[in-house]
Amino acid sequence: MKKELVLKLLIVFVTFALATVAGVAFHEHRHFKETVVVSEDFTEMRWLSDYCPQLKDTFADTPIFVFDSGVEGGSVLYCGGTHPYEPAPALSAFVLMENIKVEKGVVYVIPQCNYSATTMGVQGNAYPSYYTVKTEWGEKQYKIGERNTNPLDQWPDNFTYIHYPSKQAQAYNDLRNLNRCYPGRLDGTLTERVAWAITEFIDKEEIDLSIDCHEASIMYPVVSTYIAHDRAMDIAMMAAMDLTATSFDMKIEQSPKSLRGFTHREWGDYTDTLGVLMETAEPFIDRIVGPMTVDLMMTGQDRFLSYAGDKGLTYAKYDKENNYSWPMNVRVGRHLSGASKVIYYMNQFFPEKEVIASWPSYEELVEHDCGAFLHNPETSNPDRVFSF
Amino acid sequence: MDYTVLEVVIIFVAMAATFVLGSKYLKSTEISMALAGVVAIIFSTLHGWTTTPVKLLVEGLFTNMDLAMTFICATIFINIYSSSGAMTTITRNIVERINNKWLILICMGILMLIPGAITGAGSVSVFVLGTLVYSIVRFMGVSEKKATAFVFMFAIFSAACPPINLWTMLMTAQANMPYVGFELLLLLPIIIAGAFTILYCGWGSKRAPKEEILATLPEVNAKMYGFGGLVRVLLPLLTLVVLFVLTLVIPFSMPVLGLPLMFIICTVVAILCNPNKTSVKEYAKVISDTMEQVFPLVATVLSVGIMQNAMAASGVKGLIGTAFVLLPFVWIYALILIVGPFAQGSMSYGSAVVIGTPLIFMFNTAGMNVTVVCAALSLIFPIGDCLPPSRIVGRLVLEATDYKDTYTSFLKQIFVPCLVFGLLALIMLIKPAWFTFLA
């Protein structure tokens, strides 16, 4: 009897100890703040809750950075963090914000569209919580999040997800997937509300071109691709051809009408914006990779996947020539040049919407790596340092 | 690439050995699975692949928490519902009113399909109807083992049955395919395999005389008869069906309840419909007994979560996936009926993501109709719900039917209908073009 009691007490103690250690890690991840030193062309910071007050003081509220040239022209929205388990889009947004120069029109950046999803890792997939970027002045830490909204902010899931307004049935957990919830609902779930707020923001600000950045597994056919709404097909097709001829391979696909809830479909259908989604290659999120390490996330090098590459089973280059790798700087650079190119062709096709803005290119990222474009918050003008 | 294939293979072997030894000496599948996960996490930490082993362990524990909550709430509902005598009343009515054995078996099969088809979970079919269907099938003269096989087979058919097939939904979500055109592709093989299962289980059995069956059933409260009784019996089940249907039909007007709360609401309705004078203490005992009953299963799904996280952290998940998807097509055809179900047994719905999605892309590259391929895979994975280490639906069925023999004898009993079901799916996988007209 006494032995049993001791055993029970021991179990309680071990459970409590494990819960405490893990709890501290979960708490740190949920409240970790990423820092950005915005460029001199920064104008103001807004919040998504400015367009949807119901989001205020929730983990779904997220900052919108505005870079307005003051010269009349078009407008562009650059989105990262729709799926925070794909970190290159958010990092590309940070690099863009720290270095952007705007000569005409206005550029809006939402670095973490689904902020709630940045506050935890992917359950059952053993994701590391953070990655660091080396700079000349030290290391800068960023979060690796989830694909879907944190269940602490939106729970439970239904047994199936019915998309609004199409009524298309989708996988149950897509109820928390921002890129299945557009155009969104004001009186819907938290994720649907975020989608509604972003759609409302695009509509209200009359944004001409909206770019949603993602990463895809290399065994997924739609990788290294622009997916464009019908009205954005011309500019995306020209951009893809131009990039493929001059810089890196880029494919183009038209947004399918039968798949609902995506940015490339619903932004274009429910607002006047030209909707484009970009995918880079991220081996880390492939299904058949080895240990889930930060190194794999940063370099994209994996032995198991190299066998698939050798067998021609990947849709993005993965062979000896690229050292079986898709490093972070390449992925970030592709997004930045991919965005520049669609803006360029929007300017060509629609001169009245012209936006002239510049930021580091693919070639510069490949040559100098990401850290070269990140500034030290400690030594920067505090007015241009934001943590969120 | 800071690992070698051999290192990951060693971890895989260590996990398997821990599981086998743990099962043998600790007599607990759940603790053995958790220990296997801990071993993999320790290896990963020693290799420097992870710096947060405790976080991985606890995070894994929460991976299937929703499933565990559904199991608990569903079992509480069904036990409270049964304690009112409602199950016995339904059984009495069916035995009294329907005389044809085959008709009863068909009705029971269709009945079993409904909860799983609506929710996508075969476990819900077992919770709601498993015991009832089992007892009625037994009264049709079907042996204990075959009646258990009947319940299990229709539970996995219900999970695979449209409109909600979670494996298909997960694969289509991963592959950005619309969840459209799957109804007939999923339904037709289920009808064929279901008909076979009814024949397989019912062949040679002889229904006992009606009076004899009724005499063995316990008496129920007189208030369970007549129109009032009908309302008392059907209302809790109807509440569940109405909640399911409303979620699908008016999704934008319905709040998101989730399965656990749906079952709790039905439990309240069942308590209100109970004609017996049941005290709060007695209800508390039913709930307490339910927790005892469902505890091993909850422990299983939580341990599976630990293992899933550990397999990802250590690369074992990638090893299994790579080893299979790199095979030539002919080997995939030869092994899918083994690998698919065992992947389900170890990774639960993760099988669709780890094995299913890469296969869809491969078949797509080969120019095959991926809708048919996806449907075929979605029929294969559910078979693994009886396989170790998790054995989730298999164990549930054994509990619902109070199965006395060994687990191996249960597996032997379901082998033939599972094989028929698997072969139907395999034909679809090998010759998708033949089935394109169903898409």
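The points below concern a predicted model of two chains, A and B, and go from a sheet in chain A to a helix pair in chain B, the contact of the chains and the nonpolar core.

1. In chain A, an open sheet of eight strands with mixed pairing follows the order β2-β3-β6-β4-β11-β14-β12-β13. The edges are held by β2 (44-47) and β13 (251-254) of chain A, and because each has a single partner strand, one side of each is left without a neighbour in the sheet. From one strand to the next, the twist averages 20 degrees.

2. Within this sheet, strand β4 of chain A (residues 75-79) pairs with strand β6 of chain A (residues 106-110) in the parallel sense, over five bridges. The register can be checked at A:Ser75, which stands opposite A:Val106 in β6(A).

3. Helix α5 of chain A (residues 263-270) lies across three strands of that chain, namely β11 (209-216), β12 (225-228) and β14 (274-281), and runs at about 170 degrees to β14(A).

4. In chain B, helix α14 (residues 280-314) packs with helix α19 (residues 392-400) at an angle of about 175 degrees, and the axes are 11 Å apart. With angles over 145 degrees counted as roughly antiparallel, α14(B) and α19(B) are therefore roughly antiparallel to each other. On the α14(B) side the contact is made by B:Gln293, B:Leu297, B:Thr300 and B:Val301, which meet B:Ile392, B:Arg395, B:Leu396 and B:Glu399 in α19(B). By class, the residues of this contact of α14(B) with α19(B) are four nonpolar, two polar and two charged.

5. How many residues does each chain bring to the contact between chains A and B? Chain B gives 58 residues and chain A gives 46. On the side of chain B that touches chain A, several helices each supply at least two residues, among them α1 (5-25), α12 (226-249), α13 (258-273) and α14 of chain B. The largest share of that side, eight residues, comes from α17(B). The side of chain B that touches chain A comprises 34 nonpolar, 20 polar and four charged residues.

6. The largest nonpolar core has 274 residues, of which A:Val107, A:Ile211, A:Val342, B:Ala40 and B:Val151 touch the most other members. Helix α8 of chain B (residues 144-160) gives the most to this core, with 12 residues. Leaving aside residues up to four places away in sequence, B:Val151 touches B:Val126, B:Gly130, B:Val133, B:Tyr134, B:Val397, B:Ala400 and B:Thr401.

Methods. Residues numbered from 1 in each chain as written. Chains lettered and ligands numbered in written order. Predicted model: local features only at pLDDT ≥ 70, side-chain atom pairs only at ≥ 80, totals over all residues. Pairing = 2+ DSSP bridges. Helix = DSSP H or I, 4+ residues; strand = E, 2+ residues; numbered from the N terminus. Axes fitted to C-alpha atoms, helices over the stretch in contact; angles between N-to-C directions. Contact = placed C-beta atoms within 7 Å. Parallel < 35°, antiparallel > 145°, perpendicular 65-115°, else oblique. Nonpolar A, V, L, I, M, F, W, Y, C, P; charged D, E, K, R; others polar. Core = buried A, V, L, I, M, F, W, Y, C linked by C-beta atoms within 7 Å. Buried ≥ 20, exposed ≤ 12 C-beta atoms within 10 Å, placed from the backbone.
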